[in-house]
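Colleague: I would like a close look at one part of this model, namely its charged side-chain pairs and what surrounds them. Please take it slowly and keep the reasoning visible.

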Amino acid sequence: MLQRSGRKIVEIWRSFQAGDNESFAYLYNLHLDSLFRYGTKLCDDEDLVKDAIQEIYIDLFLKKERNKTDPENLKFYLILALKRSLIKKIRKQRTLISRDDTNNDIVFEPEYSIEKVIIDRESNEEIAQKINKVLQKLPSRQKEALYLRFNESMEYVEIARILNITVESSRKQVCRALKTVREIMEKETVLFLMLL
């Protein structure tokens with residue numbers, strides 16, 4: 001039986017590449033929940049997300065011997081592959097549904113762990129609703145950048161590759177989003193205090 005706690009991910013990756021099915025099962029389960037959560041933020045069709053996840057794992061399995069992925073960056077690799085797969089599938093669906101549709105942008109709708117932290121600190125439900133409204137008003141790219149940074153703990157380099165932007169732009173997306181949230185919340189607080 002695979003000793004998960006005592007082995008490093010690099011050793012598990014090597015075992016997977018050598019054909020060990022238990023190692024593949026471990027790698028499959030390692031990021032499955034994160035991939036599903038991320039995929040459902042890009043696409044509300046859960047079956048399409050599940051299909052895309054299965055396809056990237058099948059592709060990973062079939063190309064295991066020649067895959068040059070750094071096992072410590074496996075989560076990044078899988079999220080990037082999932083995003084690309086979903087974009088292709090969504091565009092294909094939209095083309096089949098309506099050939100006149102020129103807006104192929106994906107609307108990213110995450111639930112933020114940072115939001116949960118803020119809400120946990122504030123027991124007031126009204127404040128929680130205001131925070132949620134502020135986050136929903138952010139541009140899609142800023143929402144996705146925040147999600148990747150705070151929910152998936154990704155580095156700016158990884159965020160940049162997933163969003164297909166520069167590293168500096170990925171930092172700016174996160175900073176702008178946080179600044180917008182902070183400014184709106186400060187305005188709300190000032191207005192609240194003025195009413196008292």
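Colleague: Is lysine 75 buried, partly exposed or exposed, by its relative accessibility? Please start there and work outwards.

Modeller: Keep in mind that this is a predicted model. Lysine 75 counts as partly exposed, at 22% relative accessibility. Since the cut-off for buried is under 20%, the value of 22% puts lysine 75 in the partly exposed class. The side chain of lysine 75 meets that of glutamate 152 in a salt bridge, with 2.8 Å from N to O. Lysine 75 belongs to helix 4, while glutamate 152 sits in the loop between helix 7 (140-151) and helix 8 (156-163), so the salt bridge ties together parts 77 residues apart in sequence. Glutamate 152 counts as buried, with a relative accessibility of 3%. The pair therefore joins a buried glutamate 152 to a partly exposed lysine 75.

Helix 4 takes part in another such pair. Lysine 89 forms a salt bridge with glutamate 55, and their closest N and O atoms are 2.9 Å apart. This pair also links distant parts of the chain: lysine 89 is in helix 4 (residues 74-97) and glutamate 55 in helix 3 (residues 46-62), 34 residues apart. With a relative accessible area of 19%, lysine 89 is buried, because the class covers values under 20%. Glutamate 55, at 39% relative accessibility, counts as partly exposed.

A further salt bridge brings together the side chains of aspartate 59 and lysine 63, at 3.0 Å from N to O. Here aspartate 59 is partly exposed, its relative accessible area being 30%, and lysine 63 is likewise partly exposed, at 35%. The three pairs described are among the 5 salt bridges found in a search of the whole structure. In general, side chains of opposite charge can pair when their charged atoms come close.

The nonpolar surroundings complete the picture. The largest nonpolar core has 45 residues, of which Leu35, Tyr38, Tyr57, Leu82, Leu148 and Ile162 touch the most other members. Several helices each supply at least two residues of this core, among them helix 3, helix 4, helix 7 and helix 8. Helix 4 gives the largest share, 8 residues. Tyrosine 57 touches Phe24, Leu27, Tyr28, His31, Leu32, Leu35 and Leu78, leaving aside residues up to four places away in sequence. Helix 4 thus appears in both accounts: it holds lysine 89 of one salt bridge, and it supplies the largest share of the core.

How values were computed
Residues numbered from 1 in each chain as written. Predicted model: local features only at pLDDT ≥ 70, side-chain atom pairs only at ≥ 80, totals over all residues. Heavy atoms only, no water. Salt bridge = Lys/Arg side-chain N within 4 Å of Asp/Glu carboxyl O. Helix = DSSP H or I, 4+ residues; strand = E, 2+ residues; numbered from the N terminus. Buried < 20%, exposed > 50% of the residue type's maximum accessible area, 1.4 Å probe, protein only. Core = buried A, V, L, I, M, F, W, Y, C linked by side-chain atoms within 4.5 Å. Contact = heavy atoms within 4.5 Å.
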